[in-house]
Each structure stands twice: as C-alpha cells, then as structure tokens.
Amino acid sequence: MTKETPLDLLRAKGYKITPQRRAVLQAFASCPPFPTAQQLCEEVRKQQPDVSLDTIYRNLSLLTELDIVHEIFRSSGNVYELADATHHHHHLVCTECGHTECIDVCPMTDAYEQEAAKKGFAITGHIFEFYGLCQKCQQKLHKK
Ligand SMILES: [Zn+2]
Ligand SMILES: [Zn+2]
Ligand SMILES: [Zn+2]
C-alpha cells in the first residue's frame, strides 16, 4: 500500500484541493525543516506571487486543525511540519536559538484520560513541546 500524501488526506477529509492548499503543502518540500509561515509564504509566492501571509496563515490553520500539518509553538514564532498520522511524536524546542527536533516519546498517559473522564471530558488530542537548550546553546552558555 502506498503512503497517503497530505493531498490524499485533505481529499479524504472532504476538503477541496485548492491551488493555495496544494501550494502550501508543496512548499514544505522546498523549505528547510520546520519552516515558519513566512518561509512557506515566500516559497508559495514563487508560484503565486499575489498570495498574502494572511492567506498562508489561514491555510495553515485549517491544515493544522485537520492534523495534516503540525504546528510547533516557539516564543520566537511558530513553525510547522507535515504531520505523519502513523508517527505520533513531540518536539524539543531550544529557547535560545529556536532549534527544533522531533522526539519519539509521548508523555500522554491513561491517567490524564481518567482525570478528564471524571469531569465528563473526552480528550481527543494534545499538544506537548519540551522547551530547553540545545547542545550548542548549552556550550555557548558555559563559555561565558
Ligand atoms: Zn539552541
Ligand atoms: Zn516532528
Ligand atoms: Zn503525544
């Protein structure tokens, strides 16, 4: 079985593949890992020069809502990656330089679901990032 592309996912969820949505998803391939909305916008503008950053944000927020794109919260500006439904994971974010890396652990446990259930709440998703210092930034701080 071939892997579903983000475009397949979008279609499967009942959304039209507009030229903008297609361009945003394709922009991930030409951007460095974890692009900002601004970087994605610059990439999309190569094909659609009139596209506004607002439009990019609107498309990203829809794609994030649909779990096709994963938004990673950073104080210096959020970044994005294409989500992989078969590979649930979280991120390490450096608070100094913004370096972002995937980490293959999930801190979610049944305990949270049980606590939520006591309040009659059904958890359907979670966001969890680890904030700290990357190796380079730790070394820099030691030298000071
Ligand atoms: Zn760093
Ligand atoms: Zn990741
Ligand atoms: Zn998780």
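Biologist: Which strand gives the most to the lining of the largest pocket?
Modeller: This is a predicted model, in which local features need pLDDT of at least 70 and side-chain atom pairs count only at pLDDT 80 or more, while totals for chains, interfaces and linings use all residues. Residues are numbered from 1 along each chain as its sequence is written, chains are lettered from A and ligands numbered from 1 in the order in which they are written, and side-chain values use heavy atoms, without hydrogens or water. A pocket is an open set of points on a 1 Å grid where a 1.4 Å probe fits, with protein on both sides within 12 Å along at least five of seven lines, and lining residues have an atom within 4 Å of a point. Three residues of the lining come from one strand (strands are DSSP runs of at least two residues, helices of at least four), residues 69–72, and this top contributor is strand E1.

Biologist: Between which parts does the largest pocket lie?
Modeller: The bounds of the domains come from an automatic or database domain assignment. Two of these domains both give residues to the lining, so the largest pocket lies between domain 1 (1–85) and domain 2 (88–144).

Biologist: How many helices and strands does the protein chain have?
Modeller: From the N terminus on, the elements run α-α-α-α-β-β-β-β-α-β-α. Their tally for the protein chain is six helices and five strands.

Biologist: What is the arrangement of the four donor atoms around the zinc ion (ligand 1)?
Modeller: The donors (N, O and S atoms within 2.8 Å of the metal) are the SG atoms of Cys-94, Cys-97, Cys-134 and Cys-137, at 2.3 Å. The angles that they subtend run from 103 to 114°, and four donors pass the test if all angles lie between 85 and 135 degrees. The arrangement of these donors is therefore tetrahedral.

Biologist: How many residues apart in sequence are the parts that Cys-94 and Cys-137 tie together?
Modeller: The donors of the zinc ion (ligand 1) follow the spacing C-x2-C-x36-C-x2-C. Both Cys-94 and Cys-137 are buried (under 20% relative accessible area; exposed is over 50%, and partly exposed is in between). Because Cys-94 lies in strand E3 (residues 90–94) and Cys-137 in helix H6 (residues 135–143), the pair ties together parts whose separation is 43 residues.

Biologist: Which residues coordinate the zinc ion (ligand 3)?
Modeller: The site is tetrahedral, with angles of 103 to 116° among its four donor atoms, and in sequence the donor residues are spaced H-x1-H-x15-C-x19-H. The donors lie at 1.9 to 2.2 Å and belong to His-88, His-90, Cys-106 and His-126.

Biologist: What is the relative accessible area of Cys-106?
Modeller: His-88, in the loop between strands E2 (79–82) and E3, and Cys-106, in the loop between strand E4 (100–103) and helix H5 (110–118), tie together parts that are 18 residues apart. His-88 is partly exposed at 47%. Cys-106 is partly exposed as well, with a relative accessible area of 35%.

Biologist: Is Glu-81 buried or exposed?
Modeller: Glu-81, His-89, His-91 and Cys-102 supply the protein donors of the zinc ion (ligand 2), lying 2.0 to 2.3 Å from it. Glu-81 in strand E2 and Cys-102 in strand E4 link parts of the chain that are 21 residues apart. Cys-102 is partly exposed at 37% relative accessibility. Glu-81 has a relative accessible area of 11%, so it counts as buried.

Note on methods: Donors are N, O and S atoms within 2.8 Å of the metal (3.2 Å for Na, K and Ca); water is not among the atoms, so sites may look incomplete. Four donors count as tetrahedral if all angles lie between 85 and 135 degrees; four count as square planar and six as octahedral if opposite donors are over 155 degrees apart and all others between 65 and 115; anything else is irregular. Buried means under 20% relative accessible area, exposed over 50%, partly exposed in between (1.4 Å probe, protein chains only).
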